[in-house]
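Reader: Hey, I'm new to this one. Can you walk me through it?

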Amino acid sequence: MSGYMYPNEITLYWSVLIVLYPYITGLVAGAFILASLERVFRVEAVKPTYRLALLTAMAFLLVAPLPLLFHLGHPERSWEMYFTPHSTSAMAMFGYVYLWYLMAVLSFEIWLDYRREIVLLSQSSKGLLRLVYKIMTLGSTNIGERALHIDERVGWIVTLIGIPSAFLLHGYVGFIFGSLKSNPWWSSPLTPVVFIFSAMVSGIAAVMLIYMAITKLRRQPIDTRCVDTVAMYMFYIFIIDFSLEMLDLVHRIYEADESFRSLNFMAHTKLFFSQIVLQMFLGTLLPLILLFLTQIVQLSEIARKRIYAFSGCMILISVFAMRWNVVIGGQLFSKSFLGYTTYKVGLVTHEGLLVALGLILLPLFFLWVLLKLLPPWSESGASAAAD
Amino acid sequence: MNITRRHILILLPAAAVAWKSVLAGTPEDSPNYNMSEHWWGMLIDISKCIGCGNCVRACQTENDLPDGFFRTWVERYHRSDWHLENPEVISPDGGKEGFPSVQDDPGGEYFFVPKMCNHCADSPCTQVCPVGATFISPDGVVLIDQTYCMGCAYCVQACPYGCRYIHPTKKVADKCTLCYHRITKGLTTACCEACPTGTRQLADLKNPKDPIHEFLKTHKVQVLKPQLATGAKAFYNDLDGSVR
Amino acid sequence: MNGFKDAGHLFRFAGLFVVAFLVFWVVRGFVVPKSFGQYGHYRAAAVSEYAARPVKFAGHQACEACHTDIASTKAGGKHAQVNCEACHGALAKHAEDPTSLTPPKPDTAVLCVRCHAASAAKPKDFPQIDAVSHANGVPCETCHNPHSPAIGAPPAAAKGGAQ
């Protein structure tokens with residue numbers, strides 16, 4: 001601690017778990033946007049990632065509330081968010097947005113898209129698995145042409161509704177921070193927008209990396225046209241994200257209001273590595289330059305894929321650093337603007353590093369289960385042929 | 001629905017515990033406490049504060065507070081003539097045991113600023129509570145229902161004055177209650193009771209006889225961070241512009 | 001109506017929602033506290049629960065009811081505005097049952113300087129002393145009656161007792 005903190009401010013109340021929460025919901029929103037590219041905007045090239053993107057979104061969405069739950073002083077009271085939501089609280093509304101997105105959008109869309117396979121699997125599989133698939137059919141085995149046609153139409157509408165829902169889901173997370181007038185580091189109408197765009201970039205990068213990794217593991221050739229297209233979208237959205245972040249930064253520097261001295265000092269000391277080095281230079285400028293090269297220079301296929309993989313990793317790190325800088329950075333300075341505190345992550349505490357690591361790995365486990373249950377590829381060739 | 005009827009609460013349990021000697025001194029209280037007739041605030045006269053820390057200790061005794069967390073604390077400001085925007089502030093252990101003395105004045109102004117929950121009328125903390133665990137009572141006191149709070153700490157982030165914290169053992173938000181258990185029995189708050197100089201004065205803005213009205217008319221009174229428009233009800237007399 | 005028949009599975013999915021919503025609504029009816037929403041979006045009973053907490057500082061009115069002699073000494077002196085428990089500490093227990101707790105006499109060597117030790121940070125018109133040079137080790141109450149500290153006021157050692 002240096003300078004003056006209000007005595008109650010010396011402890012940080014939002015830990016690394018609250019960093020994870022916008023990170024994970026961001027991945028959900030981004031993955032869904034990638035899926036909608038194929039479904040709504042008819043970008044056929046990204047088709048191989050469509051179902052994978054949906055399942056990735058689902059896997060991460062299931063984990064999204066866990067960091068919040070672990071962070072609560074009384075997780076057993078979390079149901080109050082649903083039973084007595086406070087209409088003026090962004091956080092309370094988030095509970096409903098989350099439920100809407102989980103049930104009405106993602107589950108429904110995945111169900112519609114996989115219904116044919118689910119029905120077929122419920123007839124071909126054995127034992128417990130058969131029961132699971134039976135339940136998933138909801139007792140309807142109608143996979144006639146007309147029924148599937150209806151599913152296709154409804155699925156399109158759900159995806160259409162899903163896009164603003166995904167924006168809402170993650171925009172709300174941004175609003176939770178951006179709407180606090182007490183904290184100038186957070187308080188900005190740009191915060192939700194920056195959150196959404198960085199979420200899209202990180203979600204697309206995550207699905208791209210997962211696609212590349214899984215295809216490699218399955219010893220299948222990576223669809224070059226697909227990753228080229230995905231990387232192109234990632235690049236353009238990243239440019240928008242970067243511009244918005246720079247706009248926010250330039251605006252703060254130029255306006256230099258009462259909090260500026262304090263925040264400026266922080267960015268040059270406590271946040272220098274995570275903000276300037278990691279988020280801006282290594283995580284943003286470097287992948288932007290590399291991706292820019294792939295757009296203007298004819299590079300070999302292998303070189304492109306390596307650049308995509310490397311840039312994807314850097315983007316994931318950059319967006320995580322951005323969440324860290326927002327959540328932790330916003331609590332490092334005193335609201336008196338006269339001092340700074342420090343944050344030390346515990347290792348085995350209930351909000352420590354091990355829990356955080358577990359929560360990052362958990363979605364990958366969920367994804368593995370989902371991939372086993374609803375394989376996106378074995379049928380994808382057949383369904384593509386059927387189109 | 002009839003608003004006044006809705007807002008009337010007769011505090012029977014309060015009467016049960018209010019003992020005779022208190023009632024003897026203040027007959028108008030407890031059983032007849034009527035929430036709709038009060039709107040509480042606090043007057044803090046900086047020109048009187050000597051930084052003794054009596055209020056901090058009294059608050060901790062009255063409310064059984066954990067060490068290192070404060071419902072009220074005292075800051076000492078040192079503002080030199082060319083550092084208006086960057087005063088030097090200390091508050092060792094919340095000012096609980098007083099302050100190191102300043103023997104020779106190295107120039108600039110020294111003064112003490114007692115801080116506490118401002119019981120804002122448009123409070124940012126109650127606005128963000130997702131479940132309705134913190135609220136403004138009908139008599140204008142910002143309270144926390146600690147059996148309902150789930151400890152998300154959103155309110156702690158939303159308070160611009162640093163008045164809230166998460167109780168280290170109860171794991172719920174905690175803050176000044178304006179000694180609600182005292183003021184509803186006709187007593188003043190523990191900090192006001194213990195203040196030797198009259199720096200702190202409990203104020204009932206709905207009571208036309210309360211001296212606060214005369215004071216507000218005749219003094220230059222300000223609230224903390226007025227630009228945030230929180231409707232703060234801790235009124236500071238003689239507040240220096242460097243205080244935040 | 002073939003269209004309806006082919007969309008039948010959709011109604012099953014919608015049915016799940018309806019069932020979930022009904023269960024939610026029933027559970028909500030049971031678990032939301034009774035007084036929630038009576039005054040606003042919170043549990044109204046929490047207000048009276050706060051009000052019902054016991055106090056620890058009795059308040060000077062309670063002290064003065066018995067210790068009338070000290071009250072009158074104090075009323076005429078410089079410490080008229082200083083409440084009893086500002087120096088003697090929280091004594092609601094004593095006020096409730098005087099025999100249960102005899103308050104210890106405060107140590108003036110600690111107590112007086114807490115307020116009166118000189119510091120440039122204190123208001124100029126507030127009486128301040130340098131503890132070492134002012135008393136030279138002599139206890140404060142030798143010269144000053146804490147209840148009416150001006151020299152020449154009624155002498156010290158007038159020990160307060162309930163009447």
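Author: Sure. Keep in mind that this is a predicted model. One place to begin is chain B, where an open sheet of four strands runs in the order β9-β1-β11-β10, with mixed pairing.

Reader: Which strands are at the edges of that sheet?

Author: Those are β9 (200-204) and β10 (221-222) of chain B, and each of them pairs on one side only.

Reader: How many bridges join β10(B) to β11 of chain B?

Author: Two, and the strands run antiparallel, with β11 covering residues 234-237. As for partners, B:Gln222 is bridged to B:Tyr236 in β11(B).

Reader: OK, switching to the contacts between chains. How many residues does the contact between chain B and chain C take from each?

Author: Chain B gives 59 residues and chain C gives 42. The area buried between these two chains is about 4,100 Å², with 60% coming from carbon and sulfur atoms.

Reader: And how many salt bridges are there across the interface of chain B and chain C?

Author: Three turn up there. In one salt bridge, the side chain of C:Arg114 meets that of B:Glu97, at 3.6 Å from N to O. There are also 15 residue pairs in polar contact across the interface of chain B and chain C, both residues being at pLDDT 80 or more.

Reader: Which element gives the largest share of the side of chain B that touches chain C?

Author: That's α4(B), with five residues. By class, this side of chain B has 30 nonpolar, 17 polar and 12 charged residues.

Reader: What about chain C and chain A, how much area do they bury between them?

Author: About 1,700 Å², 73% of it on carbon and sulfur atoms. C:Asp6, C:His9 and C:Phe13 supply 35% of the area that chain C buries against chain A, more than any other three residues.

Reader: Which residue does C:Asp6 meet in a salt bridge?

Author: Its side chain meets that of A:Arg146, at 2.9 Å from N to O. That's the one salt bridge found across the interface of chain C and chain A. Eight residue pairs are in polar contact between those chains, again with both at pLDDT 80 or more.

Reader: Which elements of chain C give two or more residues to the side that touches chain A?

Author: They are α1 (2-6) and α2 (8-31) of chain C. The largest share, 10 residues, comes from α2(C).

Reader: Last thing: what domains does the assignment give for chain C?

Author: Domain 1 spans 2-51 and domain 2 spans 60-142. Their centres, taken over C-alpha atoms, are separated by 58 Å.

Key. Residues are numbered from 1 along each chain as its sequence is written. Chains are lettered from A and ligands numbered from 1 in the order in which they are written. This is a predicted model: local features need pLDDT of at least 70, side-chain atom pairs count only at pLDDT 80 or more; totals for chains, interfaces and linings use all residues. Side-chain values use heavy atoms; hydrogens and water are left out. Contact means heavy atoms within 4.5 Å. Buried area is the accessible area (1.4 Å probe) that two parts lose on being put together, summed over both. A salt bridge is a side-chain nitrogen of Lys or Arg within 4 Å of a carboxyl oxygen of Asp or Glu. A polar contact is a pair of N or O atoms within 3.5 Å; within protein, one must be able to donate a hydrogen and the other to accept it, and residues adjacent in sequence count only if both atoms are side-chain atoms. Ala, Val, Leu, Ile, Met, Phe, Trp, Tyr, Cys and Pro count as nonpolar, Asp, Glu, Lys and Arg as charged, and the others, Gly among them, as polar. Domain bounds come from an automatic or database domain assignment. Two strands pair if DSSP finds at least two bridges between them.
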